[in-house]
Amino acid sequence: MNYVQLNRLSTPLRGFSSGRNCDNPNACKVAQSVGSMHKTLSVLLISTMVLSACSSWRNSRANPSNWFGSSTPSPTETSPNDANALLPDKAEEKGLFAKPDAEDNSVSIAVINELRIDPTPAGAIIYSAGTATRQGAYNARLSRVNSEELAKDGIMEFTFRVDYPEYATAQGTERSRMVSDAINVTTQELEGIRLVRVKGQQNALESRRR
């Protein structure tokens, strides 16, 4: 096969691949159909990728609309035995020389003023601030309420507890009696949680997942 024969064979192929300036009308139609099919497949592929990305973002924890909203008031009940609410019903048996556990004299803080949940790469930080009954409150802490019923309902609940000095202290201004605490929770702990609640003596605040 000489050069002229090769050139003749290659001419229709070039016309078929480009779809332009070809002498064969049938080849031109086929080329145009192939080009149109390529465009259609490209549009379908891009649309599929966009829809997949939107679905992933909608369900992602990084999406702000999928996180906990602002705190709102929640009804609360005051227990007369609040100081001992989180103590076990029965003390574990201890050895002869074991030191007795320190008595828990903490009580729920008077008022919950703020509840905020900030996301972190490993989970979230739950921050709460409250106002004590009098000045000098210390050892402020968020104590989680362990309850199978709450967990079943998708609720993570904390009691904001503080200790007070044994001696009398002035009541002071509300600002001087305000204390705060924050606690880290993991992504695993937040799995299935739809509501976070922090309780005090007089009120409670809660934040619901949006």
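Which residue of β4 is the bridge partner of I117? Keep that in mind as you select your way around; the tour comes back to it.

**Before you click**

This is a predicted model, in which local features need pLDDT of at least 70 and side-chain atom pairs count only at pLDDT 80 or more, while totals for chains, interfaces and linings use all residues. Residues are numbered from 1 along each chain as its sequence is written, and side-chain values use heavy atoms, with hydrogens and water left out.

**Stop 1: the whole chain**

Start with a cartoon view. The protein has four helices and nine strands; helices (H or I, at least four residues) and strands (E, at least two) are DSSP runs, numbered from the N terminus. Along the sequence the pattern reads α-α-β-β-β-β-β-α-β-β-α-β-β.

Now colour by pLDDT, the predictor's confidence in each residue, from 0 to 100. The average for the protein is 75, and 53% of the residues score at least 70. Select residues 2–20: the pLDDT here is below 50, and beyond near neighbours in sequence the stretch has eleven contacts in the model (a contact means heavy atoms within 4.5 Å). Then select residues 78–93, where the pLDDT is also below 50 and the stretch has 14 contacts beyond near neighbours in sequence. Where pLDDT is low, the predicted coordinates should not be read in detail.

Contacts also tell you about the chain as a whole. Among those with a separation of 6 or more, 69% are between residues 24 or more positions apart.

**Stop 2: a sheet of three strands**

Select β3 (111–120), β4 (123–131) and β7 (178–186). They form an open sheet in the order β3-β4-β7, with antiparallel pairing; two strands pair if DSSP finds at least two bridges between them. Strands of a sheet pair through backbone hydrogen bonds, either parallel or antiparallel.

Look at the edges. β3 and β7 each have a single partner strand, so one side of each is left without a neighbour in the sheet. Direction ignored, neighbouring strands here are turned by 15° against each other on average (axes are lines fitted to C-alpha atoms, for helices over the stretch in contact, and angles run from 0 to 180 degrees between N-to-C directions).

Next, follow β3 into β4. A hairpin joins the two through two residues, and nine bridges hold this antiparallel pair. Click on I117 and look across to β4: the bridge partner is I126, which answers the opening question.

On the other side, nine bridges join β4 to β7, again running antiparallel. Select G130 and you find V179 of β7 opposite; select Y127 and the residue opposite in β7 is A182.

**Stop 3: the nonpolar core**

Is β4 largely enclosed or not? Seven of the nine residues of β4 are buried, so the strand is largely enclosed by the rest of the structure. Buried means under 20% relative accessible area, exposed over 50%, and partly exposed in between (1.4 Å probe, protein chains only). Of the 210 residues of the protein, 29% count as buried.

Show the side chains of I126, M156, F158, F160 and V196. These have the most contacts inside the largest nonpolar core, which has 22 residues. Such a core is a set of buried Ala, Val, Leu, Ile, Met, Phe, Trp, Tyr and Cys residues joined through side-chain atoms within 4.5 Å. The elements giving two or more residues to this core are β3, β4, β6, β7 and β8, and β6 gives the most, with four residues.

**Stop 4: a network of charges**The structure holds seven salt bridges, a salt bridge being a side-chain nitrogen of Lys or Arg within 4 Å of a carboxyl oxygen of Asp or Glu. Select E157, R197, E206 and R208, which are linked in a network of salt bridges.

Begin with R197 and E157, whose closest N and O atoms are 2.6 Å apart. R197 lies in strand β8 (residues 195–199) and E157 in strand β6 (residues 155–163), so the pair ties together parts that are 40 residues apart in sequence. Both R197 and E157 are buried.

R197 also meets E206 in a salt bridge, at 3.3 Å from N to O. E206 counts as buried, at 12% relative accessibility. From E206, move on to R208: their side chains form a salt bridge at 3.9 Å, N to O.

**Stop 5: out to a loop**

Finish at Y167, in the loop between β6 and β7. Is Y167 buried or exposed? Y167 is exposed, with a relative accessible area of 59%. Draw a distance from its C-alpha atom to that of G136: the two are separated by 9.8 Å and lie 31 residues apart along the chain.
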